[in-house]
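Hi,

Here is the structure I promised to pass on. Have a look at it first, and then read on for what turned up.

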Amino acid sequence: MSTVDEAALMPKDAALEALREAVAAYNAERGTVTNTMYVNVVLIFGGYVVFAGFIAYLAWTEIARDIVGIVLGVLFFLGTVVWRFALAPAKRFQQTLRDRMLPLVFGFIDEVHYVHGAEPRFIKSMPGKELVARDRSEHGDMIAGRHEGLAFTLSETELSTGSGKSRATTFKGVIFHFIREQEFPGLLLAVRKPNSFQLFVRDFFGGSTMPLVTSGNPEVDTALEFRTDRPEAATPLVQGTLAKALDYLATEWRDDVVRLALSGRDCYLLVPSKKNFFELPPVDTPIDFDRHLRPMIRDLVTLLATAQLVNKIG
């Protein structure tokens, strides 16, 4: 698990050729779309800025000053709407590129399927607050398919609790769900180890209802705690390949602590990420395969390598 064989999983010659054609077509159209975007920003948004400045001046000089703040608030809100409208053609152009290109980028995946903005089926059955607290979820790009017999779904997801000023993001990154060959007879969670204050609050409100097991790997046990309702079944897994898989993933993915849940045959890997997993450059930048697309492939290969290891544990 120390290295990932990227070359073996790169798109094959036919897929690479189709991918190059898609990149070339995008780069050829990109100049026209970029010019249109600049014109929209200058004419539409620039015109709005002039209009908003005039309205703000009238509000300050001709209208009661106690409502100037309201007028400015409305103008600011409308400004964000106009800005999004001006950029919408470029955003649609990039999303069209994703729709065409990502199935080609991940051409090594059997039955590959890509969709944007859909809620994955697994989200409702994913373990609750012991794994990650959440009231709502938002989803970006999603890839599903099968790799060497492993059925999986990967979704860009943000989980949060509360709303308005009390809204708190509890997870932002990718959730990798797959079906294991072996069934775990219960629930096993690997979650971020709480700090002393979090531990005090948790214990004050009754603590966790599930027993704690340790992996015996100091680096893993420093970052994670393992809780389960079946300690006798979980201990050999945690002290074996599972800890190795999480340790490997931690060396490859350094943004934050990776969480994991086993529930029956379902496995959930929650991988925090500070970047957009399927990030493409701005529309005014040409796409380069090695700089922009190869890292996507490597990230997915890393997750697949980890999933294959977790899949094999008994």
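One thing about the contacts to begin with: if you take pairs in the protein chain that are at least 6 residues apart in sequence, 68% of those contacts join residues at least 24 apart. Do keep in mind that this is a predicted model.

On the overall layout, the protein chain has seven helices and seven strands. Reading from the N terminus, the order is α-α-α-β-β-β-β-α-β-α-β-α-β-α. Of the 314 residues in the chain, 43% are buried. The exposed surface comes to about 16,500 Å², with carbon and sulfur atoms supplying 58% of that area.

Now the inside. As a rule, nonpolar side chains in soluble globular proteins tend to be buried together. Here the largest nonpolar core has 63 residues, and Phe106, Phe176 and Leu300 have the most contacts inside it. Two or more residues each come from α2 (13-62), α3, β3, β4, β6 (224-228), α6 (231-252), β7 (259-272) and α7 (289-312). The largest share is from α7, which gives ten residues. If you want a place to zoom in, try Phe106: leaving aside residues up to four places away in sequence, it touches Val112, Ile143, Phe278, Met296, Ile297 and Leu300. There is also a second, separate core of 15 residues, with Phe122, Met126, Phe171 and Leu187 among them.

You'll probably want to hear about pockets too. The second largest pocket holds about 460 Å³ of space. Its lining is made up of 20 residues, and the ones nearest the centre are Arg98, His116, Asp141, Glu156 and Asn276. What is the make-up of that lining by class? It has nine charged and nine polar residues, plus two nonpolar ones. Elements that each supply at least two lining residues are α3 (68-105), β2 (136-147), β3 (150-161) and β4 (168-192).

Last, a single residue to click on: Tyr38, which sits in helix α2. Is Tyr38 buried, partly exposed or exposed? Its relative accessibility is 41%, so it counts as partly exposed, given that buried means under 20% and exposed means over 50%. Tyr38 and Asp284 are 246 residues apart along the chain, yet their C-alpha atoms are separated by 9.8 Å.

That's the lot from me. Over to you!

Methods: Residues are numbered from 1 along each chain as its sequence is written. This is a predicted model: local features need pLDDT of at least 70, side-chain atom pairs count only at pLDDT 80 or more; totals for chains, interfaces and linings use all residues. Side-chain values use heavy atoms; hydrogens and water are left out. On a 1 Å grid over the protein atoms alone, a cavity is a set of points where a 1.4 Å probe fits but cannot get out, and a pocket is an open set with protein on both sides within 12 Å along at least five of seven lines; lining residues have an atom within 4 Å of a point. Grid points are joined across faces, edges and corners, and a volume is the space filled by probe spheres set on the points. Helices (H or I, at least four residues) and strands (E, at least two) are DSSP runs, numbered from the N terminus. Ala, Val, Leu, Ile, Met, Phe, Trp, Tyr, Cys and Pro count as nonpolar, Asp, Glu, Lys and Arg as charged, and the others, Gly among them, as polar. Buried means under 20% relative accessible area, exposed over 50%, partly exposed in between (1.4 Å probe, protein chains only). Contact means heavy atoms within 4.5 Å. Accessible areas come from the Shrake-Rupley method with a 1.4 Å probe; for residues, only the protein chains shown count as cover. A nonpolar core is a set of buried Ala, Val, Leu, Ile, Met, Phe, Trp, Tyr and Cys residues joined through side-chain atoms within 4.5 Å.
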